[in-house]
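Work through these short exercises with the model in view. Try each task before reading its solution.

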Amino acid sequence: MQGNVPCLTGSNKYSTSQANGLHQLRRYVKVQSAAGTGAAAEHHVQRQQQQPQLSSPPAVNYSHLLRRHKQHGCPALLLAPMENLADRPARIALKQAIGGFDEACTEFIRVPRHSDRPAATTRGICAAYDACELGEVPLAAQLMGSNLQLLAAAAERLVHVKGAPRIDLNCGCPANVVTGGGAGSSLLRDPGQLHAVVASLVAAVGHAAAVSVKMRSGFGDTSLFRENLLAVQEAGAHFVTIHPRTKYQLYNGRADWGLIAEAKQLLSIPVVGNGDIVSVGGALAMLQQTGCDGLMIGRGALQDPLLFYRLKQ
């Protein structure tokens, strides 16, 4: 079945209509059920839709979540942040239709390089975040930028005012319009700057939330990979998610899972693997080859909405 997974959309740009997203996901589940493979999933869908709305953000213990695989074999399962793909309607559609992931993360919140009114800017860029968006499933907030003060102010507001359980730093976006401003994967060109940015986020949130980094393996090459990993750890990040392609690779070729294994050997903080996970077999292969503490899945979950559910089983 996994070899014939229908695409939910005709392009990389996910529909911004929640109704259309839910329709496509529910239709997929019904097709699998009719084929005799989705009966349990249909029952799970009904339970998902009966979940009550929360009035306060769900709590999450990331240390426990990322150790779970050592206790009963199921790793932490995270829905990746993806601009135009895993946006709010898509996250809600996936959660309501089938779920299975332990946590999701917003697409990046863009923090400007400069602002004449930093307080107003911070309020504005954080306004759309809703920690209760997915009910009992925690929603982290991803920030992208290079201005230490504005990044710290945004992190502080997201955590202490809006209730975000985790702040993630985007060190993966390969778009030239982003890297030209010193943000996204451009931060991987200077481990010292990366350390400073992560440290500013850690200081801003204190013990109220986790801070993590989602990074590529490098900018033009992987020569600074180990230095960047150590910078992230020494700055106080709780864990790191690695998409093992460089900025120049974009999404071409195969993700080098060997680099995830290398990070796992190097670091004492948890390592989450990301990249080219499109099936249960692929997820298990990543775990076996890298020893990573969790899996972050993006495009694979949109291609196959049952992927998280199957992994949980």
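The exercises below concern a predicted model.

**Exercise 1. Check the length of helix α7 (residues 148-160) against its expected span.**

Step 1. Helix α7 has 13 residues.
Step 2. At 1.5 Å a residue, the span should be 18 Å, because the expected span is 1.5 Å times one less than the number of residues.
Step 3. The end C-alpha atoms are 18 Å apart, which agrees.
Step 4. Now look at the start of α7. There, a side-chain oxygen of Asn147 comes within 3.0 Å of the backbone nitrogen of Gln149.

**Exercise 2. Find which residues of α7 are buried, and what covers them.**

Step 1. The buried residues are Leu150, Leu151, Ala152, Ala154, Ala155, Leu158 and Val159.
Step 2. Their cover includes the strands β3, β4 (139-144) and β5 (166-171). It also includes the helices α6 (118-126) and α9 (191-205).

**Exercise 3. Identify the members of the largest nonpolar core that touch the most other members.**

Step 1. This core holds 83 residues.
Step 2. Leu143, Leu158, Ile167, Leu169, Met215, Val240 and Ile242 touch the most other members.
Step 3. Helix α7 gives the most to this core, with seven residues.
Step 4. Take Ile167 from the list. Leaving aside neighbours within four places in sequence, Ile167 has contacts that include Leu143, Ala155, Leu158, Val159 and Leu201.
Step 5. A second, separate core has five residues, among them Phe108, Cys173, Val178 and Ala183.

**Exercise 4. Decide whether Thr106 is buried or exposed, and trace its surroundings.**

Step 1. Thr106 lies in the loop between β2 (103-105) and β3 (109-110).
Step 2. Its relative accessibility is 7%. The cut-off for buried is under 20%, so Thr106 counts as buried.
Step 3. The side chain of Thr106 reaches the backbone nitrogen of Gln142 at 3.1 Å.
Step 4. Beyond four places in sequence, Thr106 also contacts Pro81, Arg91, Tyr129, Leu139, Ala140 and Ala141.

**Exercise 5. Place Phe308 and list what it touches.**

Step 1. Phe308 belongs to helix α14 (residues 307-312).
Step 2. Phe308 counts as buried because its relative accessibility is 2%.
Step 3. Leu79 is 229 residues away along the chain, yet the two C-alpha atoms are separated by 8.8 Å.
Step 4. Not counting residues up to four places away, Phe308 touches Leu77, Leu78, Leu79, Gly99, Gly100, Phe101, Ile297 and Ala301.

**Exercise 6. Find what sits over the ring of Tyr251.**

Step 1. The charged end of Arg216 is 5.0 Å from the ring centre.
Step 2. Arg299 lies over the face of Tyr251, at 4.3 Å from the ring centre.

Methods:
Residues numbered from 1 in each chain as written. Predicted model: local features only at pLDDT ≥ 70, side-chain atom pairs only at ≥ 80, totals over all residues. Heavy atoms only, no water. Lys NZ or Arg CZ within 6 Å of the ring centre and 35° of its normal. Helix = DSSP H or I, 4+ residues; strand = E, 2+ residues; numbered from the N terminus. Buried < 20%, exposed > 50% of the residue type's maximum accessible area, 1.4 Å probe, protein only. Polar contact = N/O pair within 3.5 Å; in protein donor to acceptor, adjacent residues only side chain to side chain. Contact = heavy atoms within 4.5 Å. Core = buried A, V, L, I, M, F, W, Y, C linked by side-chain atoms within 4.5 Å.
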